[in-house]
Amino acid sequence: MDELDVGEFIRLYCDSINTKYDSKVLPLSGFYMRIGTKSYSGVYYDALYSKETGLKLTLLLSEEQREQLTDGKNYTIRGYINRSKKFDKNSNISLQFKALKIDGENKEVQLVKEEEYVLLKERFERGFTDIKQLILDQFDEGFKVRVAIITGNQSIVDQDFEAQFSDTGKYHIELFRTNLSDAGQIKDYIQEEDFEDYDLLAFMRGGGTGLEVFDSDTLSQAVLDLRKPFITALGHQDDLVMLSKIADKNLATPSALGTYLQNIGREYDE
């Protein structure tokens, strides 16, 4: 095979992606989120997102279509995925959904709380940090990646983490222990601690009961206010809590967190 420039390869790779959803009109439902106030060549770039997962799809609207929609309401919208798939500078795919017809509001769908909507909107507008790229950039600069892991006072899930993680040469890992059964205490703790010297935070606990504390709007807002990239590894996979929805990276378990960090270090060495 002939040698290819990276940019040329990415273009060719994008052009080769084909799915059964291409060129088809799709009815998608989700909560509408208005992003910004300006149009670009007559097109507004808003969002349609899932309350269950916190994932969003960029929604392309005309001014006329936009006037039919209300912030925070659930709609079914017919349209198609933009055929010109593109990668960003980190080779991540960003899908765009071009609206053709708005079927209407799904009033039977449970509304998003105002506090939840505000949090998600702030998170989407601020953007998410590419955790893997952040770590690789630190390695390139010759620095260890400093990770503050917040876990429970009596928790032993750090053993699950350590069973999958042994790359101490590239990371500086420090455990911070607090009561993870009370959202107010967690909020007070992270506000009182100094995480300035850490590159990223991780919230880590095992599964089971009590995960509802991480659904707290006030706790989630306090974490966002730290302005630090963060990971959640809270021992669950489905029905994401709010903190996991707004995390820069969500992993299912403490073991998965150890594997994730370990694999990035191994990949960098290779």
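## A look at the fold and two helix pairs

The secondary structure of this protein comes to nine helices and ten strands (DSSP runs numbered from the N terminus, with at least four residues of H or I for a helix and at least two of E for a strand). Its radius of gyration is 21 Å, close to the 18 Å that the globule rule gives for 270 residues, so the protein is as compact as a globular protein of that length. That radius is taken over C-alpha atoms, and the rule is 2.2 Å times the number of residues to the power 0.38.

Keep in mind that this is a predicted model, where local features need pLDDT of at least 70, side-chain atom pairs count only at pLDDT 80 or more, and totals for chains, interfaces and linings use all residues. Residues are numbered from 1 along each chain as its sequence is written, and side-chain values use heavy atoms, with hydrogens and water left out.

Buried residues make up 44% of the 270 (buried is under 20% relative accessible area, exposed over 50%, partly exposed in between, with a 1.4 Å probe and protein chains only).

Now for two helix pairs. Axes are lines fitted to C-alpha atoms over the stretch in contact, and angles run from 0 to 180 degrees between N-to-C directions.

| Helix pair | Angle | Axes apart |
|---|---|---|
| α5 (residues 157-164) and α9 (residues 254-269) | about 30 degrees | 7 Å |
| α3 (residues 114-126) and α7 (residues 217-225) | about 20 degrees | 10 Å |

That makes α3 roughly parallel to α7, and α5 and α9 are therefore roughly parallel to each other too. Here angles under 35 degrees count as roughly parallel, over 145 as roughly antiparallel, 65 to 115 as roughly perpendicular and the rest as oblique.

Who touches whom? In α5, Val157, Asp160, Phe161 and Gln164 meet residues of α9 including Pro254, Leu257 and Leu261 (contact means heavy atoms within 4.5 Å). The residues of this α5 and α9 contact split into five nonpolar, five polar and one charged. Ala, Val, Leu, Ile, Met, Phe, Trp, Tyr, Cys and Pro count as nonpolar, Asp, Glu, Lys and Arg as charged, and the others, Gly among them, as polar.

Between α3 and α7, the contact includes Glu115, Leu119 and Arg123 of α3 and Asp217, Ser220 and Leu224 of α7. The split there is two nonpolar, two polar and seven charged.

Finally, a loop residue just past α7: Arg227 lies in the loop between α7 and β9 (230-233). Arg227 has a positive phi of about 60 degrees although it is not a glycine, and at 59% relative accessibility it counts as exposed.
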